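The following exercises are to be worked through with the sequence and the model in view. Each task is followed by its solution in steps.

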Amino acid sequence: MQDLIDGFLKFQREEFPKRSELFKRLATRQNPRTLFIACSDSRVVPELLTQREPGDLFVIRNAGNVVPSYGTQPGGVSASVEYAVAGLGVADVVICGHSDCGAMTAIATCQCLDHMPAVAGWLRHCDAAKSINEAREHASPRARVDSMVRENVIAQLANIKTHPSVALALEQGRLQLHGWVYDIETGSIAALDGTTNHFVALADHPHVCATPTRHGIAA
Ligand code: ZN
């Protein structure tokens, strides 16, 4: 714990003064343009891998970068999605999975989660992706997990569209969805191309988008 406190003291001493104007601007308002939904995994750091400053990303993180479908009893994720889209008016939503995801590994390899009932219950929101992945042939255990990570991103993109705020923003052409998979070892990102439903290297296809263009919005 001491390293966290030492880190804060270093931030206060060295980093805060460098950004004092930014923090002054942010003191009473925020205007993030992107909702970034990622896994809680300690190795995935949205601001680092997109080189964003405070105020740029509205972030939701949980085990497995999951977005439960909209329902009659909305939880924290649903409330945060609604606030970002209907309240803050973000223009983009990124759902970002990652390599070596513990949650996706547990699903793909059918690990027993009896000792973690809350995790098991939460990951039921990935059942559609699980069904698709189980029906596929995989060349190796690693490929099975990688495929599960990608299918989960696709499934969560489908889930988020069930939220009224998202459905409306998509219909009105003021929101775009993006599905990413971040590779921890190589630092690369594969992005879902909504026109082909395949993942492509974001570095080679920087304008790729999960939601095909509509209403004249440039991809
Ligand atoms: Zn993960």
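**Exercise 1.** Determine which residue in strand 6 stands opposite Ala191, and how the two strands run.

Solution. Ala191 faces Val200 of strand 6. Ala191 belongs to strand 5 (residues 189-193), which is joined to strand 6 by four bridges, and the two run antiparallel. Strands here are DSSP runs of E with at least two residues, and helices are runs of H or I with at least four, numbered from the N terminus. This is a predicted model: local features need pLDDT of at least 70, side-chain atom pairs count only at pLDDT 80 or more, and totals for chains, interfaces and linings use all residues. Residues are numbered from 1 along each chain as its sequence is written, and side-chain values use heavy atoms, with hydrogens and water left out.

**Exercise 2.** Establish the strand order of the open sheet and identify its edge strands.

Solution. The six strands follow the order 2-1-3-4-5-6, with mixed pairing; two strands pair if DSSP finds at least two bridges between them. Strand 2 (57-62) and strand 6 (198-201) are the edges, each pairing on one side only. From one strand to the next, the twist averages 25 degrees.

**Exercise 3.** Identify the residues that coordinate the zinc ion and state whether His98 and Cys101 are buried or exposed.

Solution. The donor atoms are SG of Cys39, NE2 of His98 and SG of Cys101, at 2.1 to 2.3 Å. Donors are N, O and S atoms within 2.8 Å of the metal (3.2 Å for Na, K and Ca); water is not among the atoms, so sites may look incomplete. The sequence spacing of the donor residues is C-x58-H-x2-C. His98 is buried, at 0% relative accessible area, and Cys101 is buried at 1%. Buried means under 20% relative accessible area, exposed over 50%, and partly exposed in between (1.4 Å probe, protein chains only).

Note on methods
Axes are lines fitted to C-alpha atoms, for helices over the stretch in contact, and angles run from 0 to 180 degrees between N-to-C directions.
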